[in-house]
Amino acid sequence: MRRLQLLVPALWLAGFVALPLLVVLLLSIAQPGPGVPPFLLPFAWDGGLVLRPNWEPFGLLVADDYYVSAFLQSLWVAGGTAGLCLLLGFPMALGIARAKPHWRAPLLMAVLLPFWTGFLPRVGAWIGLLRDEGWVNGVLRGLGWIDAPLPLLYSDLALFLGMVHAYLPFAVLPLYASLSRLDLTLEEAASDLGATPATVFRTITLPLAAPGALAAFLLVFIPAAGEYVIPELLGPPEALLVGRALWQEFFQNRDWPVAAALAVALLAMLILPIRLFQRLEARR
Amino acid sequence: MGLLEIAGLAKRFGAVPALVGLDLRVEAGEFLALLGGSGSGKSTLLRLIAGFEAPDAGSIRLGGQDLTAMPPHARPLNMMFQSYALFPHLSVGNNVGYGLRREGTPRAEREARVAEALAMVGMQELAGRMPHRLSGGQRQRVALARALVKRPKLLLLDEPLGALDANLRERTGFELRALQRRTGASFIMVTHDQQEALALADRVAVLEHGRLVQAGPPRAVYERPATRFVAGFLGAANVLEGAPDAAGGLDCPGLGSTLRAPASMPAGTTACALRPERIALGQPVGGANTASGVVEDLAFRGDDSLLLVRAAGGTLLRVSHAEEDGPPPAIGSTVTMGWEAAAVVPLAG
Amino acid sequence: MRRLGLCLGLAFLWLPVLLLAGYAFSDSRIPFQWGGFSLRWFQALAANERMLEAAFLSLRVAAGSATLAMLLGGATGWVLARRGPFAGRALFGALAGAPLVLPEVVTGLSLLLTFVMLQGLTGWPAERGATTILLAHATMGAAYVAVVVQARLAGMDGMLEEAARDLGATPATAFRTVTLPLMAPSLVAGWLLAFTLSLDDVVVASFVSGPAGTTLPMLVFSMLRLGLTPEVNALAVAILLLAFLAAGGAMLALWRRTEL
């Protein structure tokens, strides 16, 4: 029984987490081929083991501006989203942590529910709000502030709105966790020692919440860097992030090795933030 | 033959030895306290007896039966956990009845015995409560009832009073001993609190670095500590260092005097214990077992005052001054001290 | 100040959702425009064959993957919280947490490539669709279940199982009578979370699915690509409602029992 309890999840993790990651690595140096599936493995058995790795996909990623810019844009959008989530999430987390005890759980639930509910419906809502005949343009026109609709949808604005809306709960949770653990007597001690409320915030609250803030930033940054749906549905056509580039290579160009190489490169880019995040979590 | 017989028990965790060849005997109906600091191996010993750890060497026998290779659930003994480990999803009654259920005791008998066990700890009204709705003291009683309901010959108690308030401790301690007498079971209690051990147990066993350093009735261990560690751990005796002189005494330069016990110091003795309450003030100075010094500090403790006296040779002595002997000397004053030879206890290590 | 920040944040989170929900009941042909109360778009959904088929597939996959995720994630969380050290524990922990931090496109692509390779080597899975989506979603869901279960067990006194053993329970009985009941709320919550996760996923499903398998989110996504129509609006609200119930149930399951 005990052995089974370990063996079954271990086999599952080996087959459905470890193996797929190895397969992506393998495929990223495979030859594209005309057949189905459209690749040739980087090794073959021909009386002996024959290696035929193809380094072209990775060469392409480094040399082609198209891919380089995809990575830079991903960094920019993920970093910007994480930063905005932090700015918006900090007062929210602080508000919940300092609310009366019986209010905290319902407030936290109000923040977390959207996280678990309908990612697509929420993107849909932004389309409805931002498109030319949408709600925002309607209100602005009704107020007489504009004559022609503002091109809000398929813009960077829409992209960031959608991203922040989707990922904000990710930021509030770790911020709340670190702020609710913060000993309130520390702030009282600081004001007892002569610090003004602003100074207390700057010298006590903020530094002590810093690990939580870093965790919040990373928790948003990591999934945002590979995001596909929001840039596709809300962003401008030229916002070609890594996720979108990968999707196109795979579904439109059917170039599986390049798609796999993009996945490997994305993982390589995220390995540092992921390790950092895990270190932060382990320290708790 | 004792009820519990432990021989050559050894256990190490990685490179750290927790127990080193320990021998211990517990008689039927005896209340034994295992006393020691953290890392002394006392909790490991308890977990080995209960079967949660397997020893590297040695044997554990209970009532003549070898337990060493037996899984915990088959061992005819029970344990009360330090955290109480009450099952949070079961009511008080079901917590207490859990062990009987595992034995397949019929329902009617089970209910009767649960009621009996709860009555024993004065908790019969709360059988339907969930554990999280109990106070700390009530939890402790439920844990006790749960461990006793199977009528074990041996009950292991891991810091049974550790989680209680100071004022609840004394009362619960008395109740614990009354319960032990009533059930006739042997109790082995692990504690780091020397007062608790001295007050409750028939016999105290002091552990240090995985070794049994001294075992005996509380009074004997308290009055005649065998080693520096026991002397310091139990009642914080003064440990005076010195060198044997030709007349069978111990010459203590730190005291500026010589210690003399009723008999000659055993060969190789380098230290003696002297209890603070055995030192009398205002004795004439001169010869062995007297000293003078300056009172450096003083703490009032209710029925006595504790004085820190710097002896002429530089050693700081703890001296207890009883209230009935009048006001204690002032800080800074010079005092003379003396004590009986019987108060001087040569230490072995 | 703090309260203002909180209110603004909550308004930002909830206003778009509430507007979407409200306008789903509008009679107007143009989304986000009020044309009087009507259920016509929901009725249109109920008559849409393709939509119903996708919804049925999604519910089946979500229920199946959540159940599998609950079993696997429960075992994983138990191993991480309760089983002592064993060879490869660090690797086990890293792999168990990996689906939480891997970008969806990477998870989707890597699982698809694995299915393709497996098919080439063993003939299984013969075709991609409901089964492959279910397996992929179970993998992701199990990681979430494991986190919830592990957190719950870690918050529990580790001596409880030992107490059961001491009172005469065999390891199996101790697991059944103590560990499992303690895990139960987190298993329920985990199931519901895995269920909503599956019901919400476009990316991974798109990768591992074949021509036969179009889930509801995949359908909504392809419709949203063309913009928002009142029909999609109504559909989005239906999904929202379902996910809302499941997520709310999950949080209640965990929340109500925290006092234990």
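Biologist: How far apart do the C-alpha centres of domain 1 of chain B and domain 2 of chain B lie?

Modeller: Keep in mind that this is a predicted model. The domain assignment splits chain B into domain 1, residues 4-223, and domain 2, residues 236-346. Going by their C-alpha centres, the distance between domain 1 of chain B and domain 2 of chain B is 39 Å.

Biologist: Which feature does UniProt place at residues 4-234 of chain B?

Modeller: Over residues 4-234 of chain B you get 37% helix and 26% strand, with the end C-alpha atoms 26 Å apart. For that stretch of chain B, the unreviewed UniProt entry gives "domain: ABC transporter".

Biologist: OK, on to the neighbours. Which helix of chain C gives the most to the side of chain C that touches chain B?

Modeller: On this interface, 17 residues of chain C are in contact with 17 residues of chain B. The elements of chain C that put in two or more residues are helix 7 (159-166) and helix 8 (171-200). The top contributor, with six residues, is helix 7 of chain C.

Biologist: And how many charged residues are there on the side of chain C that touches chain B?

Modeller: Split that side of chain C by class and you find nine nonpolar and three polar residues. The charged ones there number five.

Biologist: Are helix 1 of chain A and helix 5 of chain C roughly parallel or roughly perpendicular to each other?

Modeller: Helix 1 of chain A covers residues 2-27 and helix 5 of chain C covers residues 104-122, and their axes sit 8 Å apart. The packing angle is about 85°. Angles of 65 to 115 degrees count as roughly perpendicular, so helix 1 of chain A and helix 5 of chain C are roughly perpendicular.

Biologist: How many nonpolar residues does the contact of helix 1 of chain A with helix 5 of chain C have?

Modeller: From helix 1 of chain A, the residues involved include Leu19(A), Val23(A) and Leu27(A). Helix 5 of chain C meets them with residues including Leu109(C), Ser110(C), Thr114(C) and Met117(C). The contact has no charged residues and two polar ones, while the nonpolar count is ten.

Biologist: Last one, within chain C: how many residues of domain 2 of chain C are in contact with domain 1 of chain C?

Modeller: The assignment gives chain C a domain 1 at 1-38 and a domain 2 at 47-256, with 30 Å between their C-alpha centres. On the domain 1 side of chain C, the touching residues are six nonpolar and one charged, with no polar ones. Those seven residues of domain 1 of chain C meet domain 2 of chain C, whose share of the contact is eight residues.

Note on methods:
Residues are numbered from 1 along each chain as its sequence is written. Chains are lettered from A and ligands numbered from 1 in the order in which they are written. This is a predicted model: local features need pLDDT of at least 70, side-chain atom pairs count only at pLDDT 80 or more; totals for chains, interfaces and linings use all residues. UniProt positions are given in the numbering used here, feature names are shortened, and annotations may be inferred rather than shown by experiment. Helices (H or I, at least four residues) and strands (E, at least two) are DSSP runs, numbered from the N terminus. Domain bounds come from an automatic or database domain assignment. Two residues are in contact if their C-beta atoms, placed from the backbone, lie within 7 Å. Ala, Val, Leu, Ile, Met, Phe, Trp, Tyr, Cys and Pro count as nonpolar, Asp, Glu, Lys and Arg as charged, and the others, Gly among them, as polar. Axes are lines fitted to C-alpha atoms, for helices over the stretch in contact, and angles run from 0 to 180 degrees between N-to-C directions. Angles under 35 degrees count as roughly parallel, over 145 as roughly antiparallel, 65 to 115 as roughly perpendicular and the rest as oblique.
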